[in-house]
Structures are given as structure tokens and as C-alpha cells.
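Welcome! Here are some exercises to work through with the structure in view; try each task before you read its solution.

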Amino acid sequence: CQSSYLHSLTHYSTASETTLIWGIPLKYLSLIILVVQNSALILVMRYTRASVPEDQLYLASTAVVMSEVMKALACIALLFFAPPPGKRTFKRLTRNLNRELIVQWRETLKLSIPAGLYLIQNNLQYLAVSNLDAATFQVTYQLKIITTAFFSVIILRRSLNKLKWIAITLLTIGIALVVLPRNATLSTFGSFLSQTTLSDDRSDDMDDAVDSVGNQSNLKGYVAVLLACFLSGLAGVYFEKILKSPVVKPQPKYTRFESVGDKELGEDSNSRKSSVELDEEDPVSGMEDDGVPQSAQVWVRNIQMSLFSLLFGLVFVVGIQDGRKVATDGFFAHYNILTWVVISIQAIGGLIVALVVKYADNILKGFATSISIILSMLVSVWLFNFVISGPFVLGAALVIFATRLYG
């Protein structure tokens, strides 16, 4: 029974990867949508943060928490509509959530690891920004692309040939050039190789490129950003492993008489069937026990992840970082329609990332994110008078070439 189930699961996973929507494989459609979503998020978020005075800004920490709430609610709704129309009931949904989140608590607990890793990574970014100039941080942080590929090979046993490694390296260099501040030059790109800070006698034109506030220990900054890259790759690949791991179907719970024959029990077959607690409803329909389709497991995983992200975010980010501001001004201080647009786009992005990781992989997600950064900056030329620099053109060319080379 177990082997037949695993066979059907393997067959379903293969079919899912070749599913066509509007004539486009789901793998590539999810990547295209991720590019559009990321580009929109960068532009709208920049507008909402740059168009108002600093004392009127909404708290980014509360916005992140609300995006997790919205993502969890969206996943619950998707989980409700996952079964066939005749089996969609709130009782069934409640039973599914209880089983997936509480009864199978060990599976839920697995998602605490990537949630915790992401939390530590975010704090390391703050530490790195406080000890490195902006250009050096943004360039060095792109090493997360390489760490993601490294953990994909180590944890997922993914095979990458030399050509793909060259493409990943070129992508890292290209996106590092793209995200350099506007007034930075190519010489700034190599500044992270040295352990000296920029001197104070630089011209004022470099003020936008270099943030000298808090640059007290370059060594501490480099250690922080490298650890952040390490944790970013580990968390992303670990989440991918959980999403792509086959869900072990619970075996039917038999009574203590299960190994005794009908004759020994003195019962007919119907009586014996009643003494067996069967949770399986339809083994042919491709459903999980109690009616959760295999394709809906991605939403279950997102709900589990959101629970821990909410817990960590409320306690360690909102509570510790912005607790006083929340107590004074309120949780939703300075929220407006555009704020909720940003939160919605972030929530949608979380769902899209899950699909990309499920049907593609974290490496391709890195390529899609890099392309979205380039698109958002090109649109910024029109919206925010962004000036295209030499490093940007070179970096964009490298990203496009690397994407083509990776295939």
C-alpha cells in the first residue's frame, strides 16, 4: 500500500512539473510572475517610503507581519478550495488544519528552522549595514547567490556543471554591479576586498554612494554579511527541500485485533472493517487523507512557515525593535491605501516564491529576482529620474548573459 502510494506521488509530482497554464509550463510561468511581482514591489515600496516625510512613515516591521497574516489567510482560502467542489466544507478545512498543524506537529516544527534562520539573517543585515558602507554591503551581499547554489549541491544533491557555475558567478558579479549606488564607480566595486574604510576627504558627490555612519569595524561588517549570505542560502534550500519532500501518508490506525483473522475474531468482514479506523477517503483520487490534494501541500507549508514568521516577527522585530513606537502611535500608524498595496504585493510574492521553489528551484529564483531588479531600475528612469550608470549597463549585460548561459 505504501509503495503504491509513493508511486502515485512520484507520478503526480512529475505531472505537476509539466502542467501547462495558458500554454506555458508552470515552472516558467511562476518565474515570469515572480519577475513582475518583484519589480512592482520594489517600485511601489520605494514610492511609499520616499514620497512622505520621515516622521510619517509606516513601520516596516508591522508591514512585514501583516504581509505574513495576509499570506496565511490566502493559503487557508486556497486550501479550502483545493478539494473537489462537492467536498468543500469548513468542517473539512478545520479538520485538515488541525491535523496538519497540530496533530502532525513534528512536520510543523520543521518550518521553525527556516523561519528562525531568516530572522537571524535579517538582523545580521542590520549589523552589516552599520559597519560597512552601502556600496560594499550591497556588492558583498550578492554572494548569497553562490551560497544558494552551494547548498543546493550539498543538501539537494543537485548536479551543476562548470557552465552553470560560470553562469552563477557571472550573475553574482552582474547583479552586484547593478545594485551599486548611482554615484559609485567601478573602483567602489572592489572596495570590499580591502579592510580599510573610505577616508573622510572624499568629495561630496560620493555621499549618496557611501554611508559612513557606524563604520566602526569593517571586519565585523564582513563577518556579518558573509554569515547573512550563508544563512540566506541555507534557509532557502532547506525550505525547498521541505516543499519537495514527499509527504508521508499516515498509515491507517488499526485496533489491536488487526493481525487476527476473521475466523479467530468470530466476526464477519463488515464487523472487522468497523474495528479498523480508516482515515483514507479516496486512494484513487490523488488526495491526501481527509481530502487534501498533493498540490495543496505547498499551501500547508506556507501556513506553517507563516505561523513561525508571525511569532518571531511579533516578538523579536515588532516587540523589541519598534515596541515603543507601536505603544505610542499604534500598530497601524501612518497606514494608507498604498501601504496595504505594498503588503498585498508582499503576500502575493510569498505565494509565488513558494510555487517557484516547488516547481523550479532557488537558483532560478535568484535569476528571476536579479532580472526584476534590472526591470525596476529601468522603470525608475521614468518614475524617479534614475540615472543609468556605466556599472549598471555592464551589470545588466552580465545578468542577461548569465541567464542565457544557465539555460
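**Exercise 1. Find the residue where helix α14 bends, and say by about how many degrees.**

Step 1. Locate the helix: α14 covers residues 297-321. Helices here are DSSP runs of H or I with at least four residues, numbered from the N terminus.

Step 2. Look along its axis: α14 bends by about 40° at Gly313. The bend at a residue is the angle between two axes, one fitted to the seven residues ending there and the other to the seven starting there.

Step 3. Compare the length with expectation. The 25 residues of α14 reach 34 Å from first to last C-alpha, close to the 36 Å expected at 1.5 Å a residue. That expected span is 1.5 Å times one less than the number of residues.

Before going further, please note that this is a predicted model, in which local features need pLDDT of at least 70, side-chain atom pairs count only at pLDDT 80 or more, and totals for chains, interfaces and linings use all residues. Residues are numbered from 1 along each chain as its sequence is written, and side-chain values use heavy atoms, leaving out hydrogens and water.

**Exercise 2. Work out which residues make the nonpolar surface patch of about 470 Å².**

Step 1. Know the rule: patch residues have over 30% relative accessible area and no salt bridge, with like charges joined within 9 Å and nonpolar side chains (Val, Leu, Ile, Met, Phe, Trp, Tyr) within 5 Å. Areas come from the Shrake-Rupley method with a 1.4 Å probe, and for residues only the protein chains shown count as cover.

Step 2. Name the members: Leu311, Leu314, Val315, Phe316 and Ile320 make this patch.

Step 3. Check one of them. Leu311 sits in helix α14 and is partly exposed, with a relative accessible area of 47%. On this scale, buried means under 20% relative accessible area, exposed over 50%, and partly exposed in between (1.4 Å probe, protein chains only).

**Exercise 3. Compare helix α2 with its expected span, then list its buried residues.**

Step 1. Helix α2 takes in residues 26-50, which is 25 residues. At 1.5 Å a residue they should span 36 Å, and the end C-alpha atoms are indeed 36 Å apart.

Step 2. The buried residues of α2 are Leu26, Leu29, Ser30, Leu31, Leu34, Val35, Gln37, Asn38, Ser39, Leu41, Leu43 and Thr48.

**Exercise 4. Count the salt bridges and examine some of the partners.**

Step 1. Apply the rule: a side-chain nitrogen of Lys or Arg lies within 4 Å of a carboxyl oxygen of Asp or Glu. The count is 6 salt bridges.

Step 2. Start in helix α3 (residues 60-80), where Glu68 and Lys71 lie 3 residues apart, about one turn of the helix. Their side chains meet at 3.4 Å, N to O. Glu68 is buried at 15% relative accessibility, and Lys71 is buried at 8%.

Step 3. Move to helix α11 (residues 218-244). Glu240 and Lys244 are 4 residues apart there, about one turn of the helix, and form a salt bridge at 3.0 Å, N to O. Glu240 is buried at 0% relative accessibility, whereas Lys244 is partly exposed at 34%.

Step 4. Add Glu100 and Arg99, whose closest N and O atoms are 2.4 Å apart in a salt bridge. Glu100 has 5% relative accessibility and counts as buried; Arg99, at 9%, is buried too.

Step 5. Finish with a network: salt bridges link Glu107, Lys110 and Arg301.

**Exercise 5. How many disulfides are there?**

Step 1. A disulfide is a covalent bond between the sulfur atoms of two cysteines. The test is a pair of cysteine sulfur atoms within 2.5 Å.

Step 2. The count comes to 0 disulfides. Among the cysteines to look at, Cys75 is buried at 0% relative accessible area and Cys229 is buried at 1%.

**Exercise 6. Look up the phi values of Arg157 and His334, and place each residue.**

Step 1. Recall that most residues other than glycine have a negative phi.

Step 2. Arg157 has a positive phi, near 60°. Its place is the loop between α8 (144-156) and α9 (162-178), and it is exposed at 73% relative accessible area.

Step 3. His334 also has a positive phi, about 65°. His334 is in the loop between α15 (323-329) and α16 (337-359) and is partly exposed at 30%.

Key:
Helices (H or I, at least four residues) and strands (E, at least two) are DSSP runs, numbered from the N terminus.
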